[in-house]
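Hi there,

Here is the structure I promised to pass on to you. Have a look at it first, and then read on for what turned up in it.

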Amino acid sequence: MTVPTPFGVRIAGTGSSVPDGVLTNADLESMVDTSDEWIVKRTGIRERRICDRAAGEGAFGLECDAIRKALDAAEMDPGELDLLIVGSLTSEMRCPSNACRISEAIGAAPAGAFDLNAACCGYVYSLNIAESLIRSGRHRAIGVIGCDVLSPYIDYEERTVSILFGDAAGAAVLVRDDEHPERGCIYQKIEANGSGWESLYMPRREEDIPPNAPPTEVRLGNLRMNGREVYKFAVKKFQEVIEDALESTGLGVDDISQFICHQSNIRIIQSAKEKIGLPDEKVYINIDKYGNSSAGSVALCLDQVTRAGKINPGDHVVIVAFGAGMTWASSVWKM
Ligand code: ACO
């Protein structure tokens, strides 16, 4: 639980950005041995957004767009940020971080800037860390971006991974709120267990591939996944993480206005909904239109839910994600 401070933390604005390019299930039918019916039934996905690399689209552009929109919504100047965190596993370069380049591009320098890789949990990890840094009293305003552009790392000649992922970015601006100490993240969890990493990884070299890895057609450099293993882990962990967030805060389902969940597979979300008894109107779903956008997923959902007016000051919101690593995270907010 968050230690009370004489000030709170507020999400002052959110933004998001997706590329225009749409990859539909019908498009995939012409690329790999799959069908619209199989994809919809097994994942809930109908289409996803994909960057046009030839036109120069990528994570950096989406991230700049998303944080600019979040700053606009917050009615803040970039220069007011004192830190920028980018949760992503697909920054263009190993060095420098995308955060440093974004800070310069939007006019936030000399704000501190770093990228954080927690796979699909990148945004929730970053949100929790940003909130904690403001609570520490050392920071006043932090920009948090969640983004992944996985399409360059997907082997579109292979059907297990190519049907799942889309490209997207979302952002939020967190600020210290001296007038409302009750606002902010009231409970958070960031955890990981590396023992299952072989279920979801992106090997750069032959040496990265574990000796007992099952045979795959996915090319080196691209994302490899043991879908069944990830599915089993996710179904169990999603339920556990949501139940832990409710039990630890003493809140019931009725007290929560929105559950914002990583959009990994509609069946994974559905399973948690049924087991915990979450009503449809409290669980936002956009996987049908955007697929799994990894660290972009929760960030995009939070922006869409906010802009749809589904979150009001004082509401409790539960945010959860899981991802490669394996990682998982939750963040319970009093908005
Ligand atoms: N089209 C048609 N058939 C397919 C496809 C496809 N795209 N992919 C697999 N199949 C076939 C399989 O070959 C298999 O055939 P068989 O029965 O003849 O052997 C059958 O469909 C069932 O395959 P499964 O792998 O058991 O299918 P499953 O129901 O598990 O669905 C899926 C696969 C969608 C990948 C599911 O396992 C899943 O969603 N897993 C979780 C993935 C996930 O969330 N990953 C992201 C983690 S987040 C991050 O950090 C990046």
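Before we start, one term: a residue counts as buried when its relative accessible area is under 20%. With that cut-off, Val-124 is buried, because its relative accessible area is 0%. Please keep in mind that this is a predicted model.

**Val-124 and its surroundings**

You will find Val-124 in helix α5. What does Val-124 touch, once its neighbours within four places in sequence are left aside? Its contacts are Val-298, Ile-319, Ala-321, Ala-329, Ser-330 and Ser-331. If you would like a distance to try in your viewer, take Val-124 and Val-241: they are 117 residues apart in sequence, and their C-alpha atoms are 13 Å apart in space.

**The chain as a whole**

Now zoom out. The chain holds ten helices and 13 strands. Its radius of gyration is 19 Å, close to the 20 Å that the globule rule gives for 335 residues, so the chain is as compact as a globular protein of that length. Along the principal axes, the C-alpha atoms fill a box of roughly 55 × 45 × 35 Å.

How much of the chain is buried? Buried residues account for 57% of the 335. The accessible surface of the chain is about 14,100 Å², and carbon and sulfur atoms hold 49% of that. Contacts tell you about the fold too: take those between residues at least 6 apart in sequence, and 77% of them join residues at least 24 apart. As for charges, the chain has 34 positive and 48 negative ones, and the mean positions of the two sets are 3 Å apart.

**Another buried residue: Glu-63**

Glu-63 sits in helix α3, which covers residues 59–74. Is Glu-63 buried or exposed? Its relative accessibility is 0%, so Glu-63 counts as buried. Not counting residues up to four places away in sequence, Glu-63 touches Val-86, Ser-88, Asn-98, Ile-102, Ile-145, Cys-147 and Ala-169. Glu-63 and Ala-168 are 105 residues apart in sequence, yet 8.6 Å separates them in space, C-alpha to C-alpha.

**The cysteines**

How many disulfides are there? The count comes to zero. For Cys-64, the nearest cysteine sulfur is that of Cys-147, 10 Å away, and Cys-64 is in no disulfide. A disulfide needs two cysteine sulfur atoms within 2.5 Å. Cys-147 is in no disulfide either: the nearest cysteine sulfur belongs to Cys-51 and is 7.5 Å away. Both residues are out of the way of the probe to some degree that you can read off: Cys-64 is buried with a relative accessible area of 4%, and Cys-147 is buried with 0%.

**Backbone details in the loops**

Two peptide bonds are worth a look. A cis bond joins Cys-95 and Pro-96, with omega about 0°. Pro-96 belongs to the loop between β4 (83–87) and α4 (98–106). Another cis bond joins Gly-325 and Met-326, with omega about -5°, and Met-326 is in the loop between β12 (316–323) and β13 (327–334).

Then there are positive phi values in residues that are not glycine. Ala-119 has phi near 50°. Ala-119 is in the loop between β5 (112–116) and α5 (122–135), and at 6% relative accessibility Ala-119 is buried. Ser-294 has a positive phi of about 55°. Where is Ser-294? Look in the loop between α9 (287–290) and α10 (295–307); Ser-294 is buried, with a relative accessible area of 1%.

**One more loop residue**

Finally, try Ser-199, in the loop between β8 (184–192) and β9 (200–201). Its relative accessible area is 14%, so Ser-199 is buried. Leaving aside neighbours within four places in sequence, Ser-199 is in contact with Arg-224, Met-225, Asn-226, Glu-229 and Val-230.

Enjoy exploring, and write back with any questions!

Best wishes

Note on methods:
Residues are numbered from 1 along each chain as its sequence is written. This is a predicted model: local features need pLDDT of at least 70, side-chain atom pairs count only at pLDDT 80 or more; totals for chains, interfaces and linings use all residues. Side-chain values use heavy atoms; hydrogens and water are left out. Helices (H or I, at least four residues) and strands (E, at least two) are DSSP runs, numbered from the N terminus. The radius of gyration is taken over C-alpha atoms; the globule rule is 2.2 Å times the number of residues to the power 0.38. Buried means under 20% relative accessible area, exposed over 50%, partly exposed in between (1.4 Å probe, protein chains only). Contact means heavy atoms within 4.5 Å. Accessible areas come from the Shrake-Rupley method with a 1.4 Å probe; for residues, only the protein chains shown count as cover. Lys and Arg count as positive and Asp and Glu as negative; His and the chain ends are not counted. The place of a charge is taken as NZ of Lys, CZ of Arg, CG of Asp or CD of Glu.
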